[in-house]
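Me: I have a protein model to go through. Please explain the reasoning behind each label.

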Amino acid sequence: MDCLFCKIIAGEIPSAKVFENEKVFAFRDINPQAPVHVLIVPRAHIACADEITASNSEAVAAVFEAVPAVAAAEGLKNGYRIVNNCGADACQSVKHIHFHLLGGKQLSEKMD
Ligand code: 5GP
Ligand code: ZN
């Protein structure tokens, strides 16, 4: 499968890894939009939120179980934002589900 994030998870494309475990891989966004901008992804290929099912949701749960460790490692003591873009209206550009962890500054009240 020609998937950028599957290749990053496999180490075929280099990335700045910040966390990994059996089910989850996290790395710095190449075009950061905040002082801390980490992409947290399940190792399992799920294209987008629309494809979450009872059979694969444990991979998504594992992402959220990793959030406190990633946030602590990044020093996000004052909070952070988690964003998922799904589909064209949200400008999803990589079709492997991923969660943006943004922080390290006061973020905007607006989310669109
Ligand atoms: P999306 O727009 O799909 O929600 O987010 C995709 C994110 O992946 C973007 O923030 C983009 O900067 C990031 N990205 C795209 N290509 C690469 C890459 O090769 N390496 C890394 N680390 N991030 C990437
Ligand atoms: Zn993938």
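Reply: The protein chain has two helices and five strands. Their order along the sequence is α-β-β-β-α-β-β. Keep in mind that this is a predicted model.

Me: How do you know that the radius of gyration of the protein chain agrees with a compact globule?

Reply: Compare two values. A compact globule with 112 residues would have a radius of gyration near 13 Å, and the protein chain has 13 Å, so the two agree. As for extent, the C-alpha trace spans about 35 × 30 × 25 Å along its principal axes.

Me: Why is strand E3 called largely enclosed by the rest of the structure?

Reply: Buried means under 20% relative accessible area. Seven of the seven residues of E3 (residues 36-42) meet that label, and therefore the strand counts as largely enclosed. Look at its two faces. Val 36, Val 38, Ile 40 and Pro 42 are buried on one side. His 37, Leu 39 and Val 41 are buried on the other. Across the protein chain, buried residues make up 37% of the 112 residues.

Me: What makes E2 and E3 a pair?

Reply: Pairing needs at least two bridges. Strand E2 (residues 24-28) and E3 have five, in the antiparallel sense, so they pass the cut-off of at least two. Ala 26, for instance, has Ile 40 in E3 as its bridge partner.

Me: How do you know that E3 and strand E5 are joined?

Reply: Count the bridges again. Five of them join E3 to E5 (residues 99-103), and the strands run antiparallel. Here Leu 39 stands opposite His 100 in E5.

Notes:
Residues numbered from 1 in each chain as written. Chains lettered and ligands numbered in written order. Predicted model: local features only at pLDDT ≥ 70, side-chain atom pairs only at ≥ 80, totals over all residues. Heavy atoms only, no water. Helix = DSSP H or I, 4+ residues; strand = E, 2+ residues; numbered from the N terminus. Rg over C-alpha atoms; globule rule 2.2 N^0.38 Å. Buried < 20%, exposed > 50% of the residue type's maximum accessible area, 1.4 Å probe, protein only.
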